[in-house]
Amino acid sequence: DLDSNGPSRLLALDVDKWCHLNCALWSDDVYETMNGALVNVDLSLKSSINQPCFYCHQKGASLKCFAPKCNCYYHLACAQKDKCLFNQDKTLY
């Protein structure tokens, strides 16, 4: 919880299923309601479970690049390492 620019704290999704808060927040399908609830985290988890990361090639990448014709997906930490641009509207380039 100390580094707000990192993955942040873990959220319990189900029995033995966890997700970092910032990883969920930056995932394409996930949005936050006015009361702070995260919606579609389970959908994002299902769609990213077999998605390889462009940077590390490991599965579980849920952050999609918004550049036209780009099909790259990243883990949050990998996108930071690859010097991706994070915008306030939750787009990643």
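**A walk around the largest pocket**

The largest pocket here takes up a volume of about 310 Å³. Keep in mind that this is a predicted model. Who builds the walls? Four elements each give two or more residues to the lining: β2 (17–20), α1 (21–26), α2 and α3 (76–81). Of these, α2 gives the most, with four residues. In total, 20 residues line the pocket, and those nearest its centre are Cys19, Cys23, Gly60, Ser62 and His75. What about charge? The lining has no charged residues; by class, 13 are nonpolar and seven are polar.

Now step back to the whole chain. It has three helices and six strands, and if you trace them from the N terminus you get β-β-α-β-β-α-β-β-α. Of the 93 residues, 29% are buried. On the outside, the chain exposes about 6,500 Å², with carbon and sulfur atoms supplying 54% of that area. As for how the chain meets itself, take the contacts between residues at least 6 apart in sequence: 27% of them join residues at least 24 apart.

Let's zoom in on one residue of α2. Ser44 sits in this helix, which spans residues 41–48. Is Ser44 buried or exposed? Its relative accessibility is 7%, and buried means under 20%, so Ser44 counts as buried. Which residues does Ser44 touch, once you set aside its neighbours within four places in sequence? They are Ser27, Asp29, Val30 and Ser62. You've already met one of these partners: Ser62 is among the residues nearest the centre of the largest pocket.

Conventions
Residues numbered from 1 in each chain as written. Predicted model: local features only at pLDDT ≥ 70, side-chain atom pairs only at ≥ 80, totals over all residues. Heavy atoms only, no water. Buried < 20%, exposed > 50% of the residue type's maximum accessible area, 1.4 Å probe, protein only. Contact = heavy atoms within 4.5 Å. Areas by Shrake-Rupley, 256 points an atom, 1.4 Å probe, with all protein chains shown as cover. 1 Å grid on protein atoms, 1.4 Å probe; cavity = no way out; pocket = protein on both sides within 12 Å on 5 of 7 lines; lining within 4 Å. Points joined across faces, edges and corners; volume = space filled by probe spheres on them. Nonpolar A, V, L, I, M, F, W, Y, C, P; charged D, E, K, R; others polar.
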